[in-house]
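Student: I have the sequence and a structure on screen. Can we go through the labels and test each one against its definition?
Tutor: Yes. Put the structure up and we will start.

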Amino acid sequence: MIIKKNNCKEEFCIIGGGLVGTLLSIYLAERGIRSEIFEKRPDIRMTDLGEGRSIVMSLSHRGWHALNAVGLKRKIEKISVPKFARMVHHSDGTINTQQYGRKNHALYSVNRRTINSILLNRTEETGLVKIYFDSECSELDLENRKVVFINPKTNRKYLKNYDKIIGADGIFSKVRGAITSAYGSNNGLTMHDYVYKEFTIPPGKDGRYILHENHIHIWPRESCLLVGMPNYNKTFTCTLFYSDKEFQAENIYYGNNLQNFLKSSFPDVVSIIPDFACQFLEKKTSSMFSVKSPAWVYRDNAAIIGDAAHAIVPFYGMGMNIGFEDCTVFNSLIDDFNYDWNKIFSEFFNSRKPETDAIDDLSLENLQHLKHSVNKDFQTRWELERKIWKMYPNYWMPTYVMVAFSSMPFRRIKEISEEQNKVLNQLLINKKIRENLNQKRFFYILAKYMSSYIINIRKIQRYIPKAGKIRNNIFFRFLSFRSGFLNIFI
Ligand SMILES: Cc1cc2nc3c(=O)[nH]c(=O)nc-3n(C[C@H](O)[C@H](O)[C@H](O)COP(=O)(O)OP(=O)(O)OC[C@H]3O[C@@H](n4cnc5c(N)ncnc54)[C@H](O)[C@@H]3O)c2cc1C
């Protein structure tokens, strides 16, 4: 580890030794800044506690970028499974595949406990971070910079004075509670109607994956959504998202209804997990929350990061990735403001909050897409987006690709996505658009809508990576000329 020289005398007190708290401490240590992590749970590397929420997670570009900066990418890559496409299992038994991006674009399955353990190990290796397990932050006095911890096993309490405190303590953050109440604001926590349960699909008899590996499997249904992700150990973790209220209203828990419901909704899954209904009853039901905290920082004294500040629904699989990106942003602000913590903290909030609000909106929108991935229009939309991407690589990129495979600011993605949706909606009015996709006619139809799109996105186009080829496509130039636009731009 190469330590950057600085005059920083401060020590950081980080609440929460989860994914984001540990990564932040590594970034700080690389600058020679000492920190102490206080984690309420025992050391997950030593215990055999239940996995907790979401056993398997998807790592994408932003997460990799943050891990790469501290030299952890290769190590984690080795224990991850790439997923290049989404495989949609329709209720009539048909299956279709939707490739996420280009051939080399993949999301990567990683086990939560494994990645957290790797981060804890690296944190300790820095020699500048001390981790205290079984230490739950129970009270925080921001004015006097004092924090109280309690050991949940012994109930013993102890008090600590701190320099700077960072709350990486997740959805129910104590630090967020203290910061927001100091400003008299609400604490930004929302509980969603959806709940979820996790199931494991074992490997086949031959020890191999029983479903197609390198895919995220989804079973979108009217009242629920089942998502299956491959694990490194050849199992799949399936998460069933549903509305408990709706299930109760439809009497799904009554008598044999549950069994019948699962059999008719997911016959292929029931054939692999014959005791699916029993497991459903035994498995813990977890609620789903999101956080949009109105305040993230208190002077140069306290800040929150990761889920503590901005938990989002997991329908883009981005929560951890954005938490990791927070660390990259925080780290670069230290350089930008040369260890002026007042400025670093306030700029962290000012620049990051609109970004995390935007991905929150995009994630909720993606839930609608996932639910509608059953219908043909969605499939056509998916194909259209990718077709236009091929034709206009300098101006167009599917929303999913911008979110998962680029570092584009989320606010820009939202703006571009809104403009792209206008074009797609106009194209989809034409019911025969899918049949025309591979015909020359499509160029003309598209050209009609693209002129105003390109004018609208010109101001934000610099965020779309250059791809080039289209400039040399003589046929396209000819068509552009015929349709009387674009020559100015191409
Ligand atoms: C079903 C589901 C699936 C998901 N899938 C993905 C995915 O595929 N990809 C992705 O990027 N994200 C995913 N996420 C989101 C991801 O889990 C979170 O964004 C991520 O865990 C946030 O990390 P964190 O360190 O901020 O918080 P956490 O992981 O919650 O860690 C907080 C830590 O603080 C500790 N703590 C809490 N309170 C205290 C206290 N008072 N004192 C001391 N310690 C405390 C906790 O024990 C914990 O260790 C998913 C979430 C869910 C619910």
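Tutor: Keep in mind that this is a predicted model. Start in a sheet: 3 bridges join strand E12 to strand E19 (residues 302-304), and the two run parallel.

Student: What makes E12 and E19 a pair?
Tutor: Two strands pair if there are at least two bridges between them. E12 and E19 have 3 bridges. So they pair by that rule. One contact to look at is glycine 167, whose bridge partner in E19 is isoleucine 304.

Student: Which strand does E12 meet through 4 bridges?
Tutor: Strand E1 (residues 12-15), and that pairing is parallel. Here isoleucine 15 has glycine 167 of E12 as its bridge partner.

Student: What is the strand order in the sheet that holds E1, E12 and E19?
Tutor: E8-E2-E1-E12-E19-E18, an open sheet of 6 strands with mixed pairing.

Student: What makes E8 and E18 edge strands?
Tutor: Strand E8 (129-132) and strand E18 (297-298) each pair on one side only.

Student: Which way do the residues of E12 point?
Tutor: Lys164 and Ile166 point one way, Ile165 and Gly167 the other way. In a regular strand, side chains alternate between the two faces of the sheet. The residues on both sides of E12 are buried.

Student: Why is asparagine 438 called exposed?
Tutor: The cut-off for exposed is 12 or fewer C-beta neighbours within 10 Å. Asparagine 438 has 10 inside 10 Å, so it counts as exposed. Asparagine 438 is in the loop between helix H16 (433-436) and helix H17 (441-457). Lysine 387 is 51 residues away from asparagine 438 in sequence, yet 8.9 Å away in space, C-alpha to C-alpha.

Student: Now the helices. Why is H2 called oblique to H11?
Tutor: Helix H2 (residues 61-68) and H11 pack at about 40 degrees, with axes 8 Å apart. Roughly parallel needs an angle under 35 degrees, and roughly perpendicular starts at 65. The angle fits neither class, so H2 is oblique to H11. The crossing of H2 and H11 is left-handed.

Student: What makes H1 roughly parallel to H11?
Tutor: The axes of H1 and H11 cross at roughly 25 degrees and come within 9 Å. The limit is under 35 degrees. So H1 counts as roughly parallel to H11. The crossing of H1 and H11 is right-handed.

Student: How many residues surround the ligand?
Tutor: There are 33, and the closest are Gly16, Gly18, Gly170, Gly306 and Gly319. Elements that give two or more residues to this shell include helix H1 (19-30), strand E9 (136-141) and helix H11 (319-336). H11 gives the largest share, 4 residues.

Student: How does the shell around the ligand divide by class?
Tutor: Into 12 nonpolar, 13 polar and 8 charged residues. Glycine is counted as polar in this scheme.

Student: Which strands form the sheet that contains E9?
Tutor: E9-E10-E11, in that order, as an open sheet with antiparallel pairing.

Student: Why do E9 and E11 count as edges?
Tutor: Each has a single partner strand, so one side of E9 and one side of strand E11 (157-161) lack a neighbour in the sheet. Neighbouring strands of this sheet are turned by 25 degrees against each other on average, direction ignored.

Student: How do you know that E9 and E10 pair?
Tutor: The rule asks for at least two bridges. E9 and strand E10 (residues 146-150) have 5, in the antiparallel sense. Look at glutamate 139, which stands opposite valine 148 in E10.

Terms used
Residues are numbered from 1 along each chain as its sequence is written. This is a predicted model: local features need pLDDT of at least 70, side-chain atom pairs count only at pLDDT 80 or more; totals for chains, interfaces and linings use all residues. A residue is buried if 20 or more other C-beta atoms lie within 10 Å of its own, exposed if 12 or fewer, and partly exposed in between; C-beta atoms are placed from the backbone. A residue is near a molecule or strand if its C-beta atom, placed from the backbone, lies within 6 Å of it. Axes are lines fitted to C-alpha atoms, for helices over the stretch in contact, and angles run from 0 to 180 degrees between N-to-C directions. Angles under 35 degrees count as roughly parallel, over 145 as roughly antiparallel, 65 to 115 as roughly perpendicular and the rest as oblique. A crossing is left-handed if the near helix is turned anticlockwise from the far one by less than a right angle, and right-handed if clockwise.
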